[in-house]
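Dear colleague,

I am handing over the structure below, followed by some notes on what turned up in it. Please read the notes with the coordinates open beside them.

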Amino acid sequence: MELETMIDQQNMTFNPAKLHSSIKIPFPKSSSIESEYFVYNQSDLFSQSFSVIEGIRRMGKLCDVTLTVDNMSFSAHRIVLAATIPYFNAMFTHNMIESTQKDIVIHGIDPEALEALINFAYSSRISININNVQSLLIGASYLQLKWVQNACATFIKERFHQNNVLKVRTLADSLGCYGLLADANRYIAQYFPDISLSEDFLNLNISEIIDIVYKDELQASEEQVFEAAIRWVKQEKSRQECFSQLLAAVRLPLLSPHYLADRVATEELIRSSHECRDLLDEAKDYHLMPERRILLQSFRTRPRCVSYIQGHIYAVGGLTKSGDSLSTVEVYNPITERWELAEAMSILRSRVGVAVLNNKLYAFGGYNGIERLSSVEVFDPKTKSWNIVSPMHRKRSALGAAALNDRIYVCGGFDGVSSLNIVECYQPDLDRWTIITPMQKHRSAGGVVAFDGYIYILGGHDGLSIFDSVERYDTYTGQWLSVTPMLMKRCRLGVATLNGKLYACGGYDGSTFLQTVEEYDPQTDKWRFVASMNVTRSRVALVANAGKLWAIGGYDGFLNLPTVEVYDPKADCWMFAASMCAHEGGVGVGVIPIQEPEVP
């Protein structure tokens, strides 16, 4: 009553109609002034209004619909639900029977999740935790709240581990959360050896395990894939009937002859199956008749193609602006997109060879400013320390190194007098070096990489000539073979593999410092040019990481370079990334995969 009296008193003193008729504000008259106008915008009107509407709902005022699930009811405003939740927009605006109903029963959503999602519609806030994320994801998918769905997917993705990712994969597939499904598949591929030991893996059905084992992207040796398949089959006797289907997805030709003979051929499950024996014979033929491998091409003979491995990029050794050798190491984190200093090596090394095997980074030889080196040290990211291991037989800088089948191959280089054709093989488990078949050419400053099951060396020079030639080493026959040459002569180039293709970038051709890039496709046995780098780079390091190529450092003919460029093969373009913080080029580079988090 007091409020009504106050309003009446205000109305007695304030009469809008009377003021409108008695007062008229004069403005200067001109065409320019009359065409002027001002648009006022209160940017916080909607947020403030929804806050008021949320308070009105809490008081139970003006609500015109009640949602019921599992005997729990929630009142709301039809217009708010239609404006913020796509599911209710379709329900209330398309003449569905529920559009006129006061009480609506909802099925398939957890009551607490529905309440949280209705509150989100009013407040734009929702709390996600490990206890409610699954029910919220299901509810958000049901109600077509894609932003909440994405937030739940991100929360889950950040908490992947070997004991939950397979269940996440199943849930994401059933809900049509294709982004989360793709993330789960990537995680499974990256950590397959550990995940294959989990109970969830052993409980997969035949179609699910074939789908995983078939993938090109598995980051595992074929021995690990084979052993995972055997464990799954032996989990239940009834699975033996479909073993040949699963074994057909394993790439037996990629197994070593010794493993095929000593392990695969002696497995009773294979001995007792005609179909499995046929697959074993195919693998044996692949090794016994290398000249006929072209006739045996299938997905089983294709090396697995890791396109989106994500790791920390380590830049090792290299040069200062004045050309002095460094022991400095820095690491690029693809998540923070920043370089930072890491533990330094114990020895100064420029023109150093680098390779990564079993998540450890090896630095081979190089030049310390006085002499060429034969020493080797290895970095363990778990202990964050470098340790000296057995030295190579020969001193060398400007060498190339690559890991294949639990061994590391060091090729060519310069010993201070001449370019080398000498190749050494290192076995980390024995800490032992072996000199193997030399290359056909003496090569210093060539690019070395493991590709398609072989060790490739590209370009380089012998002190007199710079090469466009390429040769590859077959670890089974122990022989080097000349293969299709590059389109250009290159030494001091960068080489890497990505998506089943081989890339060569930059370098020096004897007269020009290069920025061109070539791509080799083993299916067509041809090289082609792709987009050139933005900067001329000799002595460039090239690595694949997170589905892209990273060209790091180098020399442009005038200066050593700290800059970094990244190549996207889908867009065929190079973009600059963060520059190194402690190097001026001439680094050796390796990628250590980001390790799986500890299982809680």
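Lys215 forms a salt bridge with Asp211, and the closest N and O atoms of this pair are 4.0 Å apart. Since the cut-off for a salt bridge is a nitrogen within 4 Å of a carboxyl oxygen, I would ask you to keep that distance in view when you go through the charged pairs, and to bear in mind throughout that this is a predicted model. Asp211 itself counts as partly exposed, at 34% relative accessibility.

A second pair joins Glu227 and Arg263, whose side chains meet in a salt bridge of 2.9 Å, taken from N to O. Glu227 belongs to helix α15 (residues 222-235) and Arg263 to helix α17 (residues 257-264), so this pair ties together parts of the chain that are 36 residues apart in sequence. Both ends of the bridge are partly exposed, Glu227 with a relative accessible area of 23% and Arg263 at 22% relative accessibility. The pair is also part of a network of salt bridges, in which Glu227, Lys234, Arg263 and Glu267 are linked.

A third pair sits within a single helix: the side chains of Arg186 and Asp183 meet in a salt bridge at 2.7 Å, N to O, and the two residues lie 3 residues apart in helix α11 (residues 178-190), which is about one turn of the helix. Here the two partners fall into separate classes of accessibility, for Arg186 is partly exposed at 33%, whereas Asp183 is buried, with a relative accessible area of 15%. Because buried means under 20% relative accessible area, the value of 15% places Asp183 in that class. When its neighbours within four places in sequence are left aside, Asp183 is in contact with Lys157 and Phe160. Over the chain, the count of salt bridges comes to 23, and the mean positions of the 56 positive and 68 negative charges are 4 Å apart.

Helix α10 (residues 165-175) may be worth a separate look, as its buried residues are Val165, Leu166, Val168, Arg169, Leu171 and Ala172. The buried residues of α10 pack against a set of other helices, namely α8 (133-143), α9 (146-157), α11, α12 (192-195), α13 (199-202) and α14 (206-214); one of these, α11, is the helix that holds Asp183. Just after α10, Gly176 takes a positive phi of about 75 degrees.

Two loop residues in the strand-bearing part of the numbering were also examined. Gln515 lies in the loop between β20 (501-505) and β21 (517-521), where it is partly exposed, with a relative accessible area of 29%. Apart from its neighbours within four places in sequence, Gln515 is in contact with Ser532, Met533, Asn534, Val535 and Thr536. Gln515 and Arg351, which are 164 residues apart in sequence, are 20 Å apart in space from C-alpha to C-alpha. Ile370, in turn, is found in the loop between β8 (360-364) and β9 (376-380), and at 73% relative accessibility it counts as exposed. The C-alpha atoms of Ile370 and Asp568 are separated by 39 Å, with their positions 198 residues apart along the chain.

As for the chain as a whole, it has 19 helices and 27 strands. Its radius of gyration is 33 Å, well over the 25 Å that the globule rule gives for 600 residues, so the chain is more spread out than a compact globule. Along the principal axes, the C-alpha atoms fill a box of roughly 110 × 75 × 45 Å. Of the 600 residues, 47% are buried, and of the contacts with a separation of 6 or more, 55% are made by residues 24 or more positions apart. The accessible surface comes to about 30400 Å², of which 52% belongs to carbon and sulfur atoms.

With kind regards

Technical notes: Residues are numbered from 1 along each chain as its sequence is written. This is a predicted model: local features need pLDDT of at least 70, side-chain atom pairs count only at pLDDT 80 or more; totals for chains, interfaces and linings use all residues. Side-chain values use heavy atoms; hydrogens and water are left out. Helices (H or I, at least four residues) and strands (E, at least two) are DSSP runs, numbered from the N terminus. The radius of gyration is taken over C-alpha atoms; the globule rule is 2.2 Å times the number of residues to the power 0.38. Buried means under 20% relative accessible area, exposed over 50%, partly exposed in between (1.4 Å probe, protein chains only). Contact means heavy atoms within 4.5 Å. Accessible areas come from the Shrake-Rupley method with a 1.4 Å probe; for residues, only the protein chains shown count as cover. Lys and Arg count as positive and Asp and Glu as negative; His and the chain ends are not counted. The place of a charge is taken as NZ of Lys, CZ of Arg, CG of Asp or CD of Glu.
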